[in-house]
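This report is intended for a reader who is meeting the structure for the first time. Please keep the sequence and the model in view while reading.

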Amino acid sequence: MINRIIQHFRLDVLSISEVEDSYSSTVYICNLQNGENVYVKIPYSKLKYHRELEAYNLLKGNVSIPEMLDYWSGDEECCGAFLLSALKGRPLTTAASHSVAFQVGEVHATMHTIKANSGEKLNTIQNAFPNWSVFIEDQFYSFAEDVKDILPTTLYKQALEKFAEMKLQLPTPDGPSFIHMDFRPANILVDDDKVSGVIDFESVRFGSTEIDFTKLYRDFLSIDSALYKAYREGYESIRPLIDLDSVLPFYQFTDAFNSIGWCKRRGVEENAVFMEENLGRLQAFLR
């Protein structure tokens with residue numbers, strides 16, 4: 001498949017390698033004969049292809065993202081592909097400076113200032129905010145169909161009860177805002193002491209910002225209180241930050257639960273490490 005896409009984009013390729021840490025789509029880095037690097041991304045589905053294409057048009061000029069050099073709508077064998085420029089830098093790590101953490105906050109808040117009525121005609125980026133409670137429930141109970149095949153019956157019932165109990169304690173949703181839905185260090189690129197951009201927009205929505213802090217907090221903000229403080233200052237330089245303490249427990253719990261369901265759908269053996277991580281998180285919530 002990748003060879004067909006390379007031919008379609010007329011790339012003069014010296015070498016190709018698959019990018020790690022891309023859980024949904026398939027991404028290749030292509031080293032060209034002229035010395036440049038470009039990325040070829042094959043989304044998981046046709047819906048994700050169209051959603052990401054809309055997101056690039058919406059974010060351009062607002063947030064630093066790769067340049068969309070070309071795209072192909074695919075055929076009966078391929079859902080489509082993107083040809084993207086290579087942003088400088090490497091994924092965010094907890095070794096980042098306070099300055100970088102501040103910039104991450106700025107970038108995140110800037111995305112959250114983008115509204116559903118921004119003037120762009122959208123066909124596939126869903127506005128889930130008007131029925132946010134229903135959206136969260138639909139996601140949870142959809143994955144529950146997969147999770148019940150993984151968890152012991154007692155633990156599964158506990159999880160359903162915990163979800164209903166915690167959901168009642170949520171504050172009024174904050175939005176509608178553009179939300180990334182997978183805002184984690186692997187999708188935030190840093191070059192020296194500068195955030196060079198954000199990638200991966202195939203899961204984006206308009207909805208409540210409260211869901212969008214979960215993975216960043218899990219993998220970055222919770223590791224170092226100084227980074228958290230710098231991030232908060234950066235975020236609040238653009239817009240007010242909601243009370244994360246009131247929403248994070250619920251979304252951390254549902255993220256662990258839903259991730260187990262995701263692993264069941266995409267292959268338990270292929271995602272064994274991710275599955276075990278989330279089983280541990282879920283069990284910690286249910287103790």
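The sections below treat a sheet, several helices and some backbone details of this predicted model.

**The sheet**

The description begins with an open sheet of 5 strands in the order E1-E2-E3-E5-E4, paired in the antiparallel sense. Its edge strands are E1 (13-18) and E4 (68-72), each of which pairs on one side only. On average, and with direction ignored, neighbouring strands of this sheet are turned by 20° against each other. Strands of a sheet pair through backbone hydrogen bonds, in either a parallel or an antiparallel manner.

The following table lists three of the strand pairings, each with one pair of bridge partners.

| Strands | Sense | Bridges | One pair of bridge partners |
|---|---|---|---|
| E1 and E2 | antiparallel | 5 bridges | Ser 15 and Asn 31 |
| E2 and E3 | antiparallel | 6 bridges | Tyr 28 and Val 40 |
| E3 and E5 | antiparallel | 4 bridges | Lys 41 and Phe 82 |

Strands E2 and E3 form a hairpin with 4 residues between the strands, and in this hairpin Gly 35 takes a positive phi near 95°. Helix H1 (residues 2-9) lies across E1, E2 (26-32), E3, E4 and E5, and runs at about 120° to E4.

**Helix H3 and its surroundings**

Helix H3 (residues 98-112) has 15 residues. From its first C-alpha to its last, H3 reaches 21 Å, close to the 21 Å expected at 1.5 Å a residue. Which residues of H3 are buried? Val 100, Ala 101, Gln 103, Val 104, Gly 105, Val 107, His 108, Ala 109, Met 111 and His 112 are buried. The elements that cover the buried residues of H3 include the helices H2 (46-59), H6 (214-219) and H7 (225-236), together with the strands E7 (177-179), E8 (188-191) and E9 (194-198).

**Helices H8 and H9**

Helix H8 (residues 248-266) has 19 residues, which should span 27 Å at 1.5 Å a residue; the end C-alpha atoms of H8 are 26 Å apart, in agreement with that value. Of the 19 residues of H8, 14 are buried, and the helix is thus described as mostly covered. Just after H8, Gly 267 takes a positive phi of about 120°.

Two packed helices are described by the angle between their axes and the distance between the axes. For H8 and helix H9 (residues 272-286), the angle is about 140° and the axes are 9 Å apart. The two helices are therefore oblique to each other. H8 passes H9 in a left-handed crossing. Residues that make the contact include Phe 253, Phe 257, Ile 260 and Trp 262 of H8, and Phe 274, Met 275, Leu 282 and Phe 285 of H9.

**Backbone details in the loops**

Where is a cis peptide bond found? Such a bond joins Gly 175 and Pro 176, with omega about 5°. Pro 176 is placed in the loop between helix H5 (153-167) and E7.

Arg 10 is not a glycine, yet has a positive phi of about 55°. Its place is in the loop between H1 and E1. Is Arg 10 buried or exposed? Because the relative accessible area of Arg 10 is 78%, this residue counts as exposed.

Asp 192, likewise not a glycine, has a positive phi of about 55°. This residue is found in the loop between E8 and E9. With a relative accessible area of 72%, Asp 192 is exposed.

Technical notes
Residues numbered from 1 in each chain as written. Predicted model: local features only at pLDDT ≥ 70, side-chain atom pairs only at ≥ 80, totals over all residues. Heavy atoms only, no water. Pairing = 2+ DSSP bridges. Axes fitted to C-alpha atoms, helices over the stretch in contact; angles between N-to-C directions. Contact = heavy atoms within 4.5 Å. Expected span 1.5 Å × (residues − 1). Buried < 20%, exposed > 50% of the residue type's maximum accessible area, 1.4 Å probe, protein only. Parallel < 35°, antiparallel > 145°, perpendicular 65-115°, else oblique. Left-handed = near helix turned anticlockwise from the far one by under 90°.
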